[in-house]
Amino acid sequence: MLELKNITKSFGDRTIIKDLNVTVKDGEILSIVGPSGAGKTTLLRCITGLEQVNGGEFLVDGQPFDPYTNTSNDSVIGVVFQNFELFPHLTVMQNITLAPTMVLKESKADAEATAQKLLDRLNLGDHADQYPYQLSGGQKQRVAIARALAMRPNILCYDEPTSALDPNLRQEVEKLILGLKADGMTQIVVTHDLTFAKNIADDMLHVEPNQAD
Amino acid sequence: MHYILEILPSLISGAGMTLQIFLWTLVGSLPLGLVLSLGLNSKFKPLKWLIDFYVWLMRGTPLLLQLIVVFYGLPLIGIVFERYEAALFAFILNYAAYFAEIFRGGLQSIDNGQYESARVLRLSYWQTIRKIVIPQVVKIVLPSVGNEVINLIKDSSLVYVIGLGDLLRAGNVATARDVTLVPLMLVGVIYLLLTAVTTFVLRRVEKHYSYWK
């Protein structure tokens, strides 16, 4: 369980997030929705440790946790970026196994076996030796998911998972996210697409542009 | 023809010096340029200013002058180099400055998302540089580096100023002695052969990196 307590984030004197409280329960999906400029992505970047918050605290299973400085390999938060950010010079397999071998010190064989399972699970079994430029948008996204899952995260976060894909792929992404939920994965999804958010979410967080400015 | 065979040994031994300067300068200046370019992108401003100054100095004065300063000037403050070492020292420092600027451009063209993607996978700074950034930078900068490499073959002829016998000097000596342009024409042909081989190697290296886009 991840709890955010009184989280505040500002850039200079612009406050983007003010005293935000939200709880993400294990195995559930939290959708963060709101108009663009409301700070959805900023909030996600705080949760994933890409931005440092100015106030408030994070608790994982009741224990204080700072995503920005956390270096332990527990309490890992995985991220699927809007543009996936695969490593273009590495094959699908290398994209997935790089961090497990370098950071978790898994053996190459173990990491590849895990990666192959993830790829099979995501219907990418035949694509292990391809490079990102050879994949479609939907395939790239699934590689990005596999790459994040290979680090065995407690929580998987998505930034606008539908925006870089064809609209008709939306149901595919819904199925994928609900499939991972069935496997027990806790997920946080930032989206501006309300229908999509409602279809997948156990809980919704509406963020509005800060009126104080 | 007989005359050509007569002067060829001295030209070839001159070409040997040219090649030595060429190879050792690359061996020294490419890694040094890479390290300097990381410093140029550093957040620690004094380091950046220092390297900026260095690059300005090296690119802002003629290499010929730098050779003279290293060989004739530095002994005045107690630093004495042999001719050959002085030439390598000046060439490496000079070319590292150009390579640093080329690599800086390459580093800046790597999307920030790649760093963030590596960060959320918990790769360290050096792991990210080594496994994610450098392989991509190498591909981007290859054509510009190739340009400098070709330049270096011909720039190496400047070592005559501190009394080293390279290819051009060998031709000059023969021309002055025998009052004919044939040796210098031959020197031109040898330079063309050297650049042809280098161009071929550079193309092969570029081709090697064409497996991803």
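**Entry 1: Leu59 of chain A**

I started with L59(A), which counts as partly exposed because it has 14 C-beta neighbours inside 10 Å. The cut-offs explain the label: 20 or more neighbours would make a residue buried, and 12 or fewer would make it exposed. I am working from a predicted model.

Next I asked where L59(A) has its place. I found it in strand β4 of chain A, which covers residues 55-60.

Then I looked up which residues L59(A) touches, leaving out those up to four places away in sequence. I noted E3(A), K5(A), P64(A) and F65(A).

I also checked L59(A) against M1(A). They are 58 residues apart in sequence. In space, I read 7.9 Å from C-alpha to C-alpha.

**Entry 2: the strands beside β4(A)**

I wanted to know which residue stands opposite L59(A). It is E3(A). I then turned to strand β1 of chain A, residues 2-11. I counted 5 bridges from β1(A) to β4(A), and the two strands run antiparallel.

I moved on to strand β5 of chain A, residues 63-65. Here I found 3 bridges to β4(A), again with an antiparallel run. I looked for the partner of V60(A) in β5(A), and the bridge goes to Q63(A).

I went on to the hairpin of β4(A) and β5(A). I see 2 residues between its strands. One backbone angle went into my notes: D61(A) takes a positive phi near 50 degrees.

**Entry 3: the domains of chain A**

I looked up the domain assignment of chain A. I copied domain 1 as 1-76 + 155-213 and domain 2 as 88-152. I put domain 1 in my notes as two stretches of sequence.

How far apart do the C-alpha centres of the two domains lie? I read 24 Å.

I checked the contact between them as well. In chain A, 8 residues of domain 1 are in contact with 9 residues of domain 2. I sorted the domain 1 side by type and got 6 nonpolar, 1 polar and 1 charged.

**Entry 4: chain B**

I turned to chain B and asked how many helices and strands it has. I found 8 helices and 0 strands. Read along the sequence, the pattern I wrote down is α-α-α-α-α-α-α-α.

I took the extent of the C-alpha trace of chain B. Along its principal axes it spans about 70 × 45 × 20 Å. I noted that buried residues make up 31% of the 213 residues in chain B.

I then went through the contacts in chain B with a separation of 6 or more. I found that 76% of them link residues 24 or more positions apart.

I also consulted UniProt. Its unreviewed entry places "domain: ABC transmembrane type-1" at residues 15-202 of chain B. I examined that span in the model, and it is 81% helix and 0% strand. Its end C-alpha atoms lie 20 Å apart.

**Entry 5: where the chains meet**

Last, I looked at the contact between chain A and chain B. I listed 16 residues from chain B and 16 residues from chain A. I noted two helices of chain B, α5 (112-120) and α6 (125-155), which each supply at least two residues of the side touching chain A.

Which element gives the most to that side of chain B? I found α5(B), with 6 residues. I divided the residues of this side by type and wrote down 6 nonpolar, 5 polar and 5 charged.

Conventions. Residues are numbered from 1 along each chain as its sequence is written. Chains are lettered from A and ligands numbered from 1 in the order in which they are written. This is a predicted model: local features need pLDDT of at least 70, side-chain atom pairs count only at pLDDT 80 or more; totals for chains, interfaces and linings use all residues. Two residues are in contact if their C-beta atoms, placed from the backbone, lie within 7 Å. Helices (H or I, at least four residues) and strands (E, at least two) are DSSP runs, numbered from the N terminus. Ala, Val, Leu, Ile, Met, Phe, Trp, Tyr, Cys and Pro count as nonpolar, Asp, Glu, Lys and Arg as charged, and the others, Gly among them, as polar. UniProt positions are given in the numbering used here, feature names are shortened, and annotations may be inferred rather than shown by experiment. Two strands pair if DSSP finds at least two bridges between them. Domain bounds come from an automatic or database domain assignment.
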